[in-house]
Amino acid sequence: MNKTIRRAAVFTLLLVLSLLVRATWVQFYDGKALADNKNNRRNAIEQYANPLGNIIVAGRAITGSAQTKGSDLKYKRTYTDGSLYAAVTGYSSQVFGATQLEGVFKGLLDGTDNQLKNPLDTITNKRSSPGDVVTTIDPDVQKAAYAALGAKKGAAVAIDPTNGKILAVVSTPSYDPTQLSAGDSAAWTKLTQDADKPMTNRALRQPLPPGSTFKLVVAAAALEDGLYKNVDTGTDSPNPYTLPNTSTDLSNESASAPCKNASIRVALQYSCNNVFAKMAVDLGQDKVKAMAEKFGFNDSSQDVPVRAYPSVYPSNMDKSSTALTGIGQFDVTATPLQMAMVSAAIANGGKLVSPHMVSQTSDASGNVVKNYDDSTETKEIVSSTTAEQLQSAMQTVVTKGTGTNAKISGATVGGKTGTAQHGEKNSKTPYAWFTSYAKSDSNGKEVAVAVIVEQSDAARSEVSGNGLAAPVAKAMMRAALKN
């Protein structure tokens with residue numbers, strides 16, 4: 001073989017090897033990327049070729065699948081009481097993707113989750129039969145919250161403080177996910193352009209100033225730090241209180257309230273701003289922040305298992321700003337989930353069980369894939385002594401303070417109202433908050449809740465946590481405690 005032929009043979013061999021390498025790359029790497037591409041319609045065709053698994057509430061499927069006509073997507077997602085449960089389920093759409101539990105458990109619900117595969121399925125890459133998601137939601141508590149919020153713009157969360165199960169997640173105004181399941185572009189445009197943002201999950205994903213409900217966190221920090229011995233010890237709290245390094249006096253909601261040097265109990269009862277603003281300054285922002293973070297603030301990975309937006313306690317403040325954080329203003333923000341967690345920890349003797357709204361996932365045969373109830377984490381937030389002190393003070397708020405609208409016959413109820421400023425120089429209607437816990441005197445059931453009303457038809461002068469949010473919380477607590 002002459003030199004020219006050898007060179008040609010080697011060159012040809014190199015070309016063949018290059019083609020083999022490229023073919024392998026396309027087959028195993030580019031091919032997978034193309035298969036996983038969200039714009040690959042074959043994925044949607046395969047996903048909706050069969051009925052999806054379901055999301056379950058109290059043993060009943062609140063989702064379903066219906067056959068379509070005139071489409072290469074054989075099935076579409078359907079919802080029972082879609083508007084009621086939208087903040088729980090989210091939506092699964094042939095066009096717009098999936099959110100909330102539909103998004104978190106997309107693979108399990110369409111059968112592509114590897115946890116559903118048996119060894120043969122793994123080898124053949126066969127799609128498994130879809131699984132189900134069993135929630136912790138109590139339909140009675142969910143319905144009570146939804147009905148009580150009504151036409152108000154707001155949100156509510158209920159948690160069983162003993163085990164962390166989320167009993168209700170409601171956001172209003174709501175929407176029906178069925179409108180989106182088949183890709184109705186007109187419905188999508190209407191919902192996404194609605195100024196009231198019905199697709200925003202206000203319960204988990206819209207942190208707002210918590211107002212005076214945050215005083216519970218400051219009180220917890222003061223008791224744990226030893227700044228005050230108990231909730232009945234008088235505080236060092238001038239009234240009016242002048243914000244440090246300013247000439248601004250901090251006013252109280254009631255000028256006649258006995259807020260000067262008031263104890264924590266009295267200060268919670270009358271929601272005395274001077275007491276908690278001064279208390280935050282005396283503790284210092286680092287100690288208040290540390291307590292807030294123990295309750296769950298500044299946690300950017302709070303999964304329930306839907307990712308909740310972090311509630312925020314700020315850093316690097318001057319003393320006047322620190323004072324304002326003591327009353328839940330300045331840059332403090334919280335979700336209803338977060339404030340329900342505060343009440344849950346206090347109600348549970350100072351221990352917070354990680355909140356979750358999925359009890360378990362299961363395969364098509366009903367076998368448990370993962371049990372979320374067994375994988376909860378319990379953290380001690382405050383001592384049992386501090387928790388008992390705060391429980392007692394919160395009960396005073398409900399029996400003879402600013403939260404009397406939350407009283408429930410046959411139950412022990414503790415709560416805290418809040419009215420948070422909104423807009424530049426408080427120019428817009430304030431947010432009305434209420435967070436509370438209740439324990440049945442007869443059957444031992446317990447619940448912790450948080451409610452925010454962002455907007456209602458009430459006059460500005462009538463906006464208060466007791467007037468707007470406490471009745472919603474009461475309805476939820478009564479539903480949770482019933483036999």
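**Notes on the predicted model: T417, its strand, a pocket and a disulfide**

1. Let's start with T417, which is buried, with a relative accessible area of 7%. The cut-off for buried is under 20%, so T417 qualifies at 7%. Bear in mind as you go through these points that this is a predicted model.

2. Where does T417 sit? T417 belongs to strand β18, which covers residues 411-422. The side chain of T417 has a polar contact of 2.7 Å with the side chain of T402. A polar contact of 3.4 Å also links the side chains of T417 and K416.

3. Now for who else touches T417. Once neighbours within four places in sequence are set aside, the contacts of T417 are S212, T213, T402, G403, W433, F434, G465 and N466. T402 thus turns up in this contact list as well as in the 2.7 Å polar contact with T417. G465 and N466, also in contact with T417, are among the buried residues of α18.

4. That brings us to helix α18, residues 465-481, which has a bend of about 25° at P471. How much of α18 is buried? The helix is mostly covered, with 12 of its 17 residues buried. Besides G465 and N466, the buried set takes in L468, A469, A470, V472, A473, M476, M477, A479, A480 and L481. If you have the helix on screen, P471 is the residue to centre on for the bend.

5. Strand β18 and helix α18 come up again at the second largest pocket. The space in this pocket is about 680 Å³. Its lining has 31 residues, and those closest to the centre are S212, E253, N273, T419 and A420. β18 and α18 are the elements that give two or more residues to that lining. Which element gives the most? That is β18, with 6 residues. S212, one of the residues closest to the pocket centre, is also a contact of T417.

6. Next, the disulfide. How many does the structure hold? There is 1, joining C259 to C272 with an S to S distance of 2.0 Å. The pair links distant parts of the chain, 13 residues apart: C259 is in the loop between β11 (249-250) and α12 (264-269), while C272 is in the loop between α12 and α13 (273-283). The torsion about the S-S bond of C259 and C272 is about -75°, so the disulfide is left-handed. Are the two cysteines buried or exposed? Both C259 and C272 are buried.

7. L167 is worth a look too. It lies in strand β9, residues 166-172, and is buried with a relative accessible area of 11%. The C-alpha atoms of L167 and V157 are 7.5 Å apart, with their positions 10 residues apart along the chain. Not counting residues up to four places away in sequence, L167 touches T136, I137, D138, V141, Q142, A158, I159, D160, V447 and A480. A480 is one of the buried residues of α18, which ties this point back to the helix in point 4.

8. Finally, the whole chain. The protein chain has 18 helices and 20 strands, and buried residues make up 49% of its 483 residues. Of the contacts with a separation of 6 or more, 67% are between residues 24 or more positions apart.

Terms used. Residues numbered from 1 in each chain as written. Predicted model: local features only at pLDDT ≥ 70, side-chain atom pairs only at ≥ 80, totals over all residues. Heavy atoms only, no water. Bend = angle between axes of the 7 residues up to and from the residue. Helix = DSSP H or I, 4+ residues; strand = E, 2+ residues; numbered from the N terminus. Buried < 20%, exposed > 50% of the residue type's maximum accessible area, 1.4 Å probe, protein only. Disulfide = S-S within 2.5 Å. Polar contact = N/O pair within 3.5 Å; in protein donor to acceptor, adjacent residues only side chain to side chain. Contact = heavy atoms within 4.5 Å. 1 Å grid on protein atoms, 1.4 Å probe; cavity = no way out; pocket = protein on both sides within 12 Å on 5 of 7 lines; lining within 4 Å. Points joined across faces, edges and corners; volume = space filled by probe spheres on them.
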